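Please open the structure in your viewer and keep a selection tool at hand. The tour proceeds by selections, each followed by a description of what is found there.

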Amino acid sequence: MARLGENSYGKSRVRLSRITRQPDHLDGDRHDFYEWIVNVMLEGDFETSFAEADNSKVLPTDTIKNTVYFVARGSKAATIEAFAMELGDYFLNRNSQVSGVMVEVEERAWERMIVDGAPEPTTFKLGGPELQTVRAVRDRGREWSIRSGVEGLTILKTTKSAFTGYVVDKLTTLKPVTDRILGTCATITWDYAAAAPDFAQARARILATLLKTFAGHNSMSVQHTLFDMGNAALDAAPEIARIHLAMPNLHHLLADLSPFGLDNPNHIFVPIDEPHGTIEATIER
């Protein structure tokens, strides 16, 4: 006889834009704008829906979608972490058949526009391709587990990057280089150790530290830079227990201009994104 194993269900990619208005601001109305993509997965007593075609305990996924908008309407959450926990608690508190919930939120990088040197109170521009992320998981009767991060953080430096001393065998064609472009489209996540930290402040501190370390690092490899970035983030944020960095090496290859009678003193490159090296690691305390 077959039996049902681990299972869950939910609603994916619920898109939500949100405006928070501050009418008493000194400069008149001031708006904050957010764009989120929300995923919700529920675990619990749903075996009969799978094995017996009995839907009496199933909250429809369309209702899950509507709940995202309903909770967002009354929410005071200023961070995706706070909203994820608020939304997850709503499902747990109102559905006794639900034993666990996972809420993931991605936030696009909208920034306030600067006009004539001053922040424009109601106008925004998309700051970059990256997404701010959170994955919040809670089983009934237990505390929240929060994993925050950033996806698609695209950064590049034009010097202070080398790669030498590697294994050479009969198939090696790569030449050692002491001054190269180092580019990556990083996905970075970190797990919180402390309960209910100031998520916005911690995120800002972690990202600022990661970028500062990347910019100033004299890199001997992507691995070398990745480790020092993670180590610096742990030092800057005692609230987190570990940080995971995935940093594909987005190559810029020196163009061969010799057929045209020209030299190329690290001036003209050919950017490629496939194939690329992939380097990832978890740095923990």
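**The sheet**

Select strand β4 (residues 118–139) together with strand β5 (residues 145–157): the two are paired antiparallel, with seven bridges between them. Within this pair, Val 137 has Ser 145 of β5 as its bridge partner. Please bear in mind throughout that the model is a predicted one.

Now extend the selection to the whole sheet. It is an open sheet of eight strands, arranged in the order β1-β2-β3-β4-β5-β6-β7-β10, and the pairing is antiparallel. The edges are occupied by β1 and β10 (277–284); each has a single partner strand, so one side of each has no neighbour in the sheet. On average, neighbouring strands of the sheet are turned by 20° against each other, direction ignored. As a general matter, the strands of a sheet pair through backbone hydrogen bonds.

Move next to the β1 end of the sheet. β1 and β2 are antiparallel and share 12 bridges; to locate one of them, select Arg 18 and its bridge partner in β2, Tyr 34. From β2, continue to β3: these two strands also run antiparallel, and nine bridges join them. Here Glu 43 is matched with Gly 100 of β3 as its bridge partner.

**Helix α2**

Select residues 61–74, which form helix α2. How far apart are its end C-alpha atoms? They are 21 Å apart, which agrees with the 20 Å that 14 residues should span at 1.5 Å a residue. Within α2, colour Ile 64, Thr 67, Val 68, Val 71 and Ala 72, which are its buried residues. Viewed down the helix axis, the buried residues of α2 lie within an arc of 125°, and therefore line one face of the helix. Phe 70, Arg 73 and Gly 74, on the other side of α2, are exposed.

What do the buried residues of α2 pack against? Their partners are β1 (9–22), β2 (30–44) and α3 (80–94). α2 lies across β1 and β2, and runs at about 20° to β1. Add α3 to the view: this helix lies across β2, β3 (98–115), β4 and β5, at about 150° to β3.

**Helices α4 and α5**

Select helix α4 (residues 199–216) and helix α5 (residues 222–236), whose axes come within 9 Å and cross at roughly 145°. The crossing of α4 past α5 is right-handed. To see the contact, show the side chains on both helices: Arg 205, Ile 206, Thr 209, Leu 210, Thr 213 and Phe 214 of α4 meet Thr 225, Asp 228, Met 229, Ala 232, Ala 233 and Ala 236 of α5.

Keep α4 selected. Its buried residues are Phe 199, Ala 202, Arg 203, Ile 206, Leu 207, Thr 209, Leu 210, Thr 213 and Phe 214. These cover an arc of only 160° around the axis, which means that they are on the same side of α4. The buried residues of α4 pack against α3, β4, β5, β6 (182–192), α5 and β7 (240–249).

**A last stop: Thr 48**

Finally, select Thr 48, which is found in helix α1 (residues 47–51). Is Thr 48 buried or exposed? Its relative accessibility is 18%, so Thr 48 counts as buried, the cut-off being under 20%. Leaving aside residues up to four places away in sequence, Thr 48 touches Ala 53 and Asp 54.

Terms used: Residues numbered from 1 in each chain as written. Predicted model: local features only at pLDDT ≥ 70, side-chain atom pairs only at ≥ 80, totals over all residues. Heavy atoms only, no water. Helix = DSSP H or I, 4+ residues; strand = E, 2+ residues; numbered from the N terminus. Expected span 1.5 Å × (residues − 1). Buried < 20%, exposed > 50% of the residue type's maximum accessible area, 1.4 Å probe, protein only. Arc of directions from axis to C-beta. Contact = heavy atoms within 4.5 Å. Pairing = 2+ DSSP bridges. Axes fitted to C-alpha atoms, helices over the stretch in contact; angles between N-to-C directions. Left-handed = near helix turned anticlockwise from the far one by under 90°.
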